[in-house]
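Hello,

Here is the structure I promised to pass on to you. Please open it beside this message, and then read on for what turned up in it.

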Amino acid sequence: MSEPVPEGVGGVREQDPSDPDTRYEPRPTLSDDDGRRAGRFWSTRRIPAALAALVVLGAAGLPLYDIVAVRAGQRAMYWRRELAGQLARQPLDETWVLVAACVAMALGLWLLALALTPGLRGLLPMRRHSPLVRAGIDRVAAALTLRDRAMEVSGVQSARVRVGRSKVKVRALSHFRELDDVRDDLDRALRAGIRELGLDRSPALTMRVRRPVKKR
């Protein structure tokens, strides 16, 4: 029969669930130097990719087929002959031509922006402990977690939390205690909560604490 390991040997402490001192012992959280940096999650963007593929297929495939048919001795399609005649007679400085060119340019820039940006703005990347595992947290879930931390502060009546990619905005109402004391406790609680989220980039915290408006 093995002997129990004494407390403190090898850095191990046996926790008794019935002991109030160990039941809620805080777990270690990520520090700024733990884990590897992780980039943002990239969206698959299936619908924009499908639309772009259809546009390219229609814009390149149909004229290519008509050119091959003309080379084979057939007449060009009516739409291509009509389009060539219209372009030969149509001035390029008319309003509808300029509007169509602007729409086409805006559509092209939109497709380029979708191709070059990661997307998934609602998902915040977390620090990586393994190159094989990537983790993220939804911005709404992070906001709810920080709101729960804010409501644990004594004196806070209600709190609204918005979590962005680079900033956390908190608006809280305090119905008792001094506002400076509530603001200091709330600042410490929220900064600890942000660290415990284990985000890849720690967002800045902006906070506003005020009294509730009295009803007349």
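Arg191 and Asp187 sit together in helix α6, four residues apart, which is about one turn of the helix. Their side chains form a salt bridge, with the closest N and O atoms 3.1 Å apart. Arg191 is partly exposed, at 39% relative accessibility, and Asp187 is also partly exposed, at 22%. Please keep in mind that this is a predicted model.

A second group of charged residues is worth finding next: Arg149, Glu152 and Glu196 are joined into one network by salt bridges that share partners. Within it, the side chains of Glu196 and Arg149 meet at 2.8 Å, N to O. This pair links distant parts of the chain, with Glu196 in helix α6 and Arg149 in helix α5, 47 residues apart. Glu196 is partly exposed, with a relative accessible area of 46%.

Now for a pair in other helices. The side chains of Asp66 and Arg80 meet in a salt bridge of 2.1 Å, N to O. Asp66 belongs to helix α2 (residues 46–71) and Arg80 to helix α3 (residues 78–89), so to speak of distance along the chain, they are 14 residues apart. Is each partner buried or exposed? Asp66 is buried, with a relative accessible area of 0%, whereas Arg80 is partly exposed, at 27%. In general, side chains of opposite charge can pair when their charged atoms come close. Over the whole structure, the search finds seven salt bridges.

Let me turn to the nonpolar side. The largest nonpolar core has 23 residues, and those touching the most other members are Leu146, Val156, Val161, Val163, Val168, Leu186 and Leu190. Which elements give two or more residues to this core? They are α5 (139–151), β3 (156–163), β4 (167–174), α6 (179–197) and β5 (204–210). Helix α6 provides the largest share, six residues. Nonpolar side chains tend to be buried together in soluble globular proteins.

Leu146 is a good residue to click on. Leaving aside residues up to four places away in sequence, Leu146 touches Val161, Val163, Val168, Leu190, Gly193, Ile194 and Leu197.

If you look at one element, I would suggest helix α6: it holds the Arg191 and Asp187 pair, contains Glu196, the partner of Arg149 in helix α5, and gives six residues to the largest nonpolar core.

Enjoy looking around, and write back with any questions.

Best wishes

Note on methods:
Residues numbered from 1 in each chain as written. Predicted model: local features only at pLDDT ≥ 70, side-chain atom pairs only at ≥ 80, totals over all residues. Heavy atoms only, no water. Core = buried A, V, L, I, M, F, W, Y, C linked by side-chain atoms within 4.5 Å. Buried < 20%, exposed > 50% of the residue type's maximum accessible area, 1.4 Å probe, protein only. Contact = heavy atoms within 4.5 Å. Salt bridge = Lys/Arg side-chain N within 4 Å of Asp/Glu carboxyl O.
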